[in-house]
Amino acid sequence: MTAARTTTAAHQLPGLLPVLDWIADPLRVGRLSQDFAWFSPVLKRDLSGKRGDIAVRPRTEDEIRQVVAACARAQIPITVRGSGTGNYGQSTPLHGGVILDLSGYNGFGWVHGGVGRAQAGIRLSDFDAQAKPLGQELRWLPSTYRSATLGGLFGGGFGGAGSINHGPLAAPGNVLAVRAMTMEPEPRVIELRGPEAMLLHHTYGTNGIVLELEVALTPTVAWTECIVTFEQFDAALEFADRFGSAPGLEKKEVCFLAAPIPDYFTSLAEHLPQGCHAVMLLVAPHSEAGMRDMATRHGGQVRYCKTADEVAKSHKTLVEYTWNHTTLHALKVDKTLTYIQSGFTPATRIEQVKALEAALGGEVMMHLEFLRTKEGAFNCSGLQLIRYSTEERLNEIMQIYRDHGVQINNPHVYIVEDGKQNNLDPAVVGAKQRFDPHGLLNPGKLRSWVAPAAVAQPRRQTA
């Protein structure tokens, strides 16, 4: 279908389904066609002007089914969206069509023991608000937890605070089941459990419309939030690494921020001496004394410490300074910055970090999140800030990381395989065939998929 025919067909949908909550205003549709891809100057350029034709916000499974059936019959592309907190243009359509905003499909299901279930559009903060009175909380919490949805995190996210204990979402046992709808004239709803459910993970909604998720939880802890500062890079790094790996000290987050990153946190300036290196922590109250002792032995000073009750009253949590919120805070001060995403080698992580700091310090600012890998090894993942000059230099920096044995998950591309360095499970393409046989879900984002019929070329529009 040509771009013009797609637009015409999409704009006819409200007349066919008048009861649904349609959004046709060009400015609102434009906003719903974007996420935080502007963190990357490359994606900001490559995705400029790409947008949907119309958006819809269903609130029930039946309303979702009506939209999907109508679009499948008319061969109109659908791009599924949560709250748009992703960073790779996951929710930006390349071929127009319908933005399926699932933020209104947000019911909480249940918590039984250490397992919870909810609809895909529920915000993570709302899920936790329902689960905590029952003694459970989410195992991982991205820095966008106030606005990010459960389905959005599954479709385009990685992990967050808590990954230091439970690994990323992709670690076995974290996501237990997915209930998903096919993109067909007569949509089917299929429940996937265990490893099969993960075939829909981090594929940007290209191979199935996720309706509900069943996830493993963890007992609630009243986490204390702390900032420890250091004068020396090596001392801060070694403290973060040793505290993170200490088996007897319970924690949920360990974030290492090399100078000058803490200087960008203007709202925390009173706690962060100019030019310091900082480690942000979420620690269990019974482990705080052990943390303080370890910090002292490494030459650190605890400059900030708030109990869970104090955090709740202040409405300011350190989680929102970690992971990719670090990048957001820095960009508020210096819009010329960008970032990369890196995965170190567990056995040599500290040597790799120090070598790269020596090679690129000043141009690349070290930000590390300590976590467990999918296999359970203790490690760190980087969200380094970059003083951006050119795309060529950005690619050179990423290659320098690779030359040091560090994996790069490129955040400057919008194709699923490119971000995964082409390490895509062939079974993902099989899931695409099963759930989206005509290639109408977020087309153009999964290179390995060969559609049975030609799809319109990506187009540019202005609001």
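How do the residues of the lining of the second largest pocket divide into nonpolar, polar and charged? I would like to open with that question, and, before answering, I should say that what you have in front of you is a predicted model.

The residues of that lining divide into 14 nonpolar, four polar and eight charged. The second largest pocket itself has a volume of about 560 Å³, and of the 26 residues that line it, Lys132, Leu141, Tyr145, Val311 and Thr317 are the closest to its centre. If you want to find the pocket by its helices, look at helix 6, residues 124–131, and helix 11, residues 308–314, each of which supplies at least two residues of the lining.

Let me turn now to helix 9 and its neighbours. Two packed helices are described by the angle between their axes and the distance between the axes. Helix 9 covers residues 233–245 and helix 10 covers residues 288–297, and their axes come within 10 Å and cross at roughly 150 degrees. An angle over 145 degrees counts as roughly antiparallel, and helix 9 and helix 10 are therefore roughly antiparallel to each other. Helix 9 passes helix 10 in a right-handed crossing, where Phe239, Arg242 and Phe243 of helix 9 make the contact with Met291, Met294 and Ala295 of helix 10. Sorted by character, the residues of this contact are five nonpolar, no polar and one charged.

The other partner of helix 9 that I want to show is helix 13, residues 349–360, and here the axes come within 11 Å and cross at roughly 155 degrees. That angle makes helix 9 roughly antiparallel to helix 13, and the crossing of helix 9 and helix 13 is right-handed. From helix 9, Phe233, Asp234, Leu237, Glu238 and Asp241 meet Arg349, Ile350, Val353, Lys354 and Glu357 in helix 13. The residues of this contact divide into four nonpolar, no polar and six charged.

I will finish with two details of the backbone, each of them in a loop. A cis peptide bond, with omega at about 10 degrees, joins Ala259 and Pro260, and Pro260 lies in the loop between strand 12, residues 251–257, and strand 13, residues 277–283. Tyr204, a residue other than glycine, has a positive phi, near 60 degrees, and you will find Tyr204 in the loop between strand 9, residues 189–193, and strand 10, residues 209–219.

Methods. Residues numbered from 1 in each chain as written. Predicted model: local features only at pLDDT ≥ 70, side-chain atom pairs only at ≥ 80, totals over all residues. Heavy atoms only, no water. Axes fitted to C-alpha atoms, helices over the stretch in contact; angles between N-to-C directions. Helix = DSSP H or I, 4+ residues; strand = E, 2+ residues; numbered from the N terminus. Parallel < 35°, antiparallel > 145°, perpendicular 65-115°, else oblique. Left-handed = near helix turned anticlockwise from the far one by under 90°. Contact = heavy atoms within 4.5 Å. Nonpolar A, V, L, I, M, F, W, Y, C, P; charged D, E, K, R; others polar. 1 Å grid on protein atoms, 1.4 Å probe; cavity = no way out; pocket = protein on both sides within 12 Å on 5 of 7 lines; lining within 4 Å. Points joined across faces, edges and corners; volume = space filled by probe spheres on them.
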